[in-house]
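Here are my notes on this structure, set out as numbered points. Please read them with the coordinates open.

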Amino acid sequence: MADTWIWLPPEKYPDNQKTRFDALSSAPDDSYCVAEFSRTYNFDKDIDCVKLRFSADTQFQLFCNGEIIATGPAVVGGDFLGNGKAREWYYATVTEYKTEKKTLDFFARVKMCPVQICDYSKGSGGFMLCAEVKFTDGTEENISTDKNWLVRKNSAYVSPLFFDGT
């Protein structure tokens, strides 16, 4: 399964592409934004299980069929001093999901911009999901984030500490 990262289109959101690398940076946090991604997959066969692998820069909530799957990425710990540079790696969550439906309706909310000491960024917003869908008849299909996912900026998230629900 390929790790294909997606984000807000740069031509529509040029100011929401790059971010600081960590919360202790002296760089401004004016790039803070929340992007939402969704995609529905409909199948003609019964799903046995779905093996998921996903990540985001910087924080995320992932739902499938209206159920929360995960929040993250997981805090990995370590020394946070002197880390004001882009990470060469990222942490992905791997899990299995069971459903009795023939549909996988994904929704992800991704917050860009490190705001806590345990948040680190590669310097740009992103979301990645890949999955191996196993069917009850023994067949499999791979799915992943691509240009067919719907994406929008949720402007109600004005800053890390301010939500405007109007």
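1. Start with Thr58, which sits in the loop that links strand 3 to strand 4. The peptide bond leading into this residue, from Asp57 to Thr58, is cis. Its omega is near 25°. Bear in mind that this is a predicted model.

2. A second loop residue deserves a look. Asn65 belongs to the loop between strand 4 and strand 5. Its phi is positive, near 50°, and Asn65 is not a glycine. Is Asn65 buried or exposed? Its relative accessibility is 13%, so Asn65 counts as buried, the cut-off being under 20%. Asn65 is also one of the residues in contact with Leu104.

3. Now the overall build. The protein has 12 strands and zero helices. Read from one end of the sequence to the other, the pattern is therefore β repeated, with no helix symbol in it: β-β-β-β-β-β-β-β-β-β-β-β. Of the contacts with a separation of 6 or more, 80% join residues 24 or more positions apart.

4. Next, the sheet. Which strands form the open sheet, and in what order? Five strands take part, in the order 5-4-7-2-10, and their pairing is antiparallel. Strand 5 (67–72) and strand 10 (150–153) are the edge strands, each pairing on one side only. From one strand to the next, the twist averages 15°.

5. One pairing within that order can be followed residue by residue. Strand 4 and strand 7 run antiparallel and share six bridges. Phe60 faces Val110 of strand 7. In general, strands of a sheet pair through backbone hydrogen bonds, in either a parallel or an antiparallel sense.

6. The largest nonpolar core holds 31 residues. Phe37, Leu104, Phe106, Phe127 and Leu129 have the most contacts inside it. Two or more core residues come from each of strand 2 (33–42), strand 3 (47–57), strand 4 (59–64), strand 7 (103–112) and strand 8.

7. Leu104 shows how that core is connected. Beyond its neighbours within four places in sequence, Leu104 is in contact with residues including Phe43, Ile47, Val50, Cys64, Val133 and Ile143. Its partners also include Arg39, Thr40 and Tyr41. Tyr97 and Thr99 are among them too.

8. Phe135 is worth a separate check. It lies in strand 8 (residues 126–135). With a relative accessible area of 4%, Phe135 is buried. Which residues does Phe135 contact, leaving aside neighbours within four places in sequence? They are Phe43, Lys45, Asp46, Ile47, Asp48, Glu140 and Glu141. Phe135 and Phe43 are 92 residues apart along the chain, yet their C-alpha atoms are separated by 9.5 Å.

9. On cysteines, the count of disulfides is zero. Cys33 is buried, at 1% relative accessibility. Cys130 is also buried, at 1% relative accessibility. If you plan to discuss these two residues, please state the burial of Cys33 and of Cys130 alongside the zero disulfides.

10. Last, the surface. Buried residues account for 39% of the 166 residues in the protein. The accessible surface comes to about 9300 Å². Carbon and sulfur atoms contribute 49% of that area.

Key. Residues are numbered from 1 along each chain as its sequence is written. This is a predicted model: local features need pLDDT of at least 70, side-chain atom pairs count only at pLDDT 80 or more; totals for chains, interfaces and linings use all residues. Side-chain values use heavy atoms; hydrogens and water are left out. Helices (H or I, at least four residues) and strands (E, at least two) are DSSP runs, numbered from the N terminus. Buried means under 20% relative accessible area, exposed over 50%, partly exposed in between (1.4 Å probe, protein chains only). Contact means heavy atoms within 4.5 Å. Accessible areas come from the Shrake-Rupley method with a 1.4 Å probe; for residues, only the protein chains shown count as cover. A disulfide is a pair of cysteine sulfur atoms within 2.5 Å. A nonpolar core is a set of buried Ala, Val, Leu, Ile, Met, Phe, Trp, Tyr and Cys residues joined through side-chain atoms within 4.5 Å. Two strands pair if DSSP finds at least two bridges between them. Axes are lines fitted to C-alpha atoms, for helices over the stretch in contact, and angles run from 0 to 180 degrees between N-to-C directions.
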